[in-house]
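Here's a quick tour for anyone opening this structure for the first time. Take a moment to turn it around, then read on.

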Amino acid sequence: MAVAIRIHSTGAPEVMQMEEVHLSSPGPGEVLLAQTAIGVNPLDVSQRKGAVAIALPCGLGLEGAATVSAIGAGVTGLQVGDRVGYATGPLGAYASARLFPAERLVKLPDALGDDAAAAVLFKGITAQYLLKATGQVRQGSRVLIYGAAGALGQLMCAWAKHLGAHVLGVVSKAASVERARAAGCDEVFVFDAQTLAAQVAQATQGQKVDVVYDSIGKATFLTSLDCLRPRGLMVSLGATSGLPPAIEVGTLNAKGSLFLTRPSLAAHTATAEEYQSRAQDVLSAVSNGILTPRIWKSYALAEVAQAHADLEQGRSQGAIILKP
């Protein structure tokens, strides 16, 4: 028997319940995983609250590190005992053991511990596609990154700086400024809807930024548009303050022929080949010191409600992991 966190209704952290589950032998293309570390991400919170719809009842979690316990028919390239990680669905990472599609597993290098892998794969792949595919950040790019002191933001700032960008970070409180600077920001602003656009213009000699990465949503969306240069790109990637407001297409024209996108990790890892390519880029960036997994706190699986509360209420200063 394994144990897993499941929800039967959406709501507060207390809707997550630990249940015993029976796991069958792995089927064709599957492996049985003994989980060692589990990543907690804002998307998990949105799904638990009902802001992102999932079919219920359901497990939660999209990121983990594990050891292969058994292999189903047709699986190649993996052996019992291999250390692996993953950063996509199917849902159900919050568990002591689980069945998982073999093609969505990433072999972990010896130098990367299980806890670090569970802290960096989902966020690292997210940073990778946002910077290299969505925003096409390169030498000389000017980018504005919200949540610059958070787990994803720290990775994005460091990678954007490595790519040669001028990195402007936004944080919610003054206590987070130095952490954002340490992550690679050239300038850091404490969010104020009344002053941010002017601060960005001043920091860029009036040019504003090429790309805004807005993970906050409702509270910041309209201000973010005013931080973009003509034909700049608005990347709306989160909704921690609620979903962004609806916008008239003409507004994008009036503010400088802006581009707007709402990307997802699923759409950027739809094939096994694309997923593995992005994952390997993340592992290479970690190996080369471009990215550093930063674990703020580790919780027992049974403490998942507290982990969610800490993430949701903005107390975390880096990645959160669960230990089965």
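## The big picture

Start with how the chain folds back on itself: among contacts in the protein chain with a separation of 6 or more, 66% are between residues 24 or more positions apart. Keep in mind that what you're looking at is a predicted model. The protein chain holds 10 helices and 16 strands. Its radius of gyration is 20 Å, close to the 20 Å that the globule rule gives for 324 residues, so the chain is as compact as a globular protein of that length. If you follow the C-alpha trace along its principal axes, it spans about 60 × 40 × 35 Å.

## Inside and outside

How much of the protein chain is buried? Buried residues make up 52% of the 324 residues. On the outside, the chain exposes about 13700 Å², and carbon and sulfur atoms supply 52% of that area.

Then there's charge. The protein chain carries 26 positive and 25 negative side chains. The centres of those two sets lie 6 Å apart.

## Gln35 and its partners

Now zoom in on strand 3, which covers residues 30–40 and includes Gln35. Is Gln35 buried or exposed? With a relative accessible area of 7%, Gln35 falls under the 20% cut-off, so Gln35 counts as buried.

Its side chain has polar company. One polar contact, at 2.6 Å, joins the side chains of Gln35 and Tyr86. The Gln35 side chain also reaches the backbone oxygen of Ala95, at 3.0 Å. Setting aside residues up to four places away in sequence, Gln35 touches a list of residues that includes Ala65, Ala66, Ala93, Arg98 and Pro324.

## Gln47, another glutamine to find

Gln47 sits in helix 1, which runs over residues 42–49. Its relative accessibility is 6%, so Gln47 counts as buried too. Which residues does Gln47 touch, not counting those up to four places away in sequence? They are Ile7, Thr10, Val52, Ile54, Leu60 and Leu91.

You can also check a distance here. Gln47 and Gly61 are 14 residues apart along the chain, and 9.4 Å separates their C-alpha atoms.

## Helix 10 and what covers it

Helix 10 spans residues 304–312, and its buried residues are Val304, Ala307, His308, Ala309, Asp310 and Leu311. What covers them? The cover includes strand 1 (2–7), strand 3, helix 1, strand 15 (295–300) and strand 16 (319–323). You've met two of those already: strand 3 is where Gln35 is found, and helix 1 is where Gln47 lies.

Once you're past helix 10, look for Gly314, which follows the helix and has a positive phi, near 75°.

## Two cis prolines

Next, a couple of backbone details. Where do the cis peptide bonds at Pro57 and Pro90 turn up? The bond from Leu56 to Pro57 is cis, with omega near -5°. Pro57 has its place in the loop between helix 1 and strand 4 (58–59).

The bond that joins Gly89 and Pro90 is also cis, and its omega is about 10°. Pro90 belongs to the loop between strand 6 (83–86) and strand 7 (97–101).

## Positive phi without glycine

Lys208 isn't a glycine, yet it has a positive phi of about 60°. You'll find Lys208 in the loop between helix 5 (196–203) and strand 12 (209–214). At 25% relative accessibility, Lys208 counts as partly exposed.

Ser257 is another non-glycine with a positive phi, of about 55°. Look for Ser257 in the loop between helix 7 (249–254) and strand 14 (259–261). Ser257 counts as partly exposed, with a relative accessibility of 40%.

## Asp210, a buried acid

Last stop: strand 12, home of Asp210. Is Asp210 buried or exposed? Its relative accessible area is 15%, so Asp210 counts as buried.

Which side chain makes a polar contact of 2.5 Å with the side chain of Asp210? That partner is Arg229. Leaving aside neighbours within four places in sequence, Asp210 is in contact with Gly140, Ser141, Arg142, Leu228, Arg229, Gly232 and Leu233.

Note on methods
Residues numbered from 1 in each chain as written. Predicted model: local features only at pLDDT ≥ 70, side-chain atom pairs only at ≥ 80, totals over all residues. Heavy atoms only, no water. Helix = DSSP H or I, 4+ residues; strand = E, 2+ residues; numbered from the N terminus. Rg over C-alpha atoms; globule rule 2.2 N^0.38 Å. Buried < 20%, exposed > 50% of the residue type's maximum accessible area, 1.4 Å probe, protein only. Contact = heavy atoms within 4.5 Å. Areas by Shrake-Rupley, 256 points an atom, 1.4 Å probe, with all protein chains shown as cover. Lys, Arg positive; Asp, Glu negative; His and termini not counted. Charge placed at Lys NZ, Arg CZ, Asp CG, Glu CD. Polar contact = N/O pair within 3.5 Å; in protein donor to acceptor, adjacent residues only side chain to side chain.
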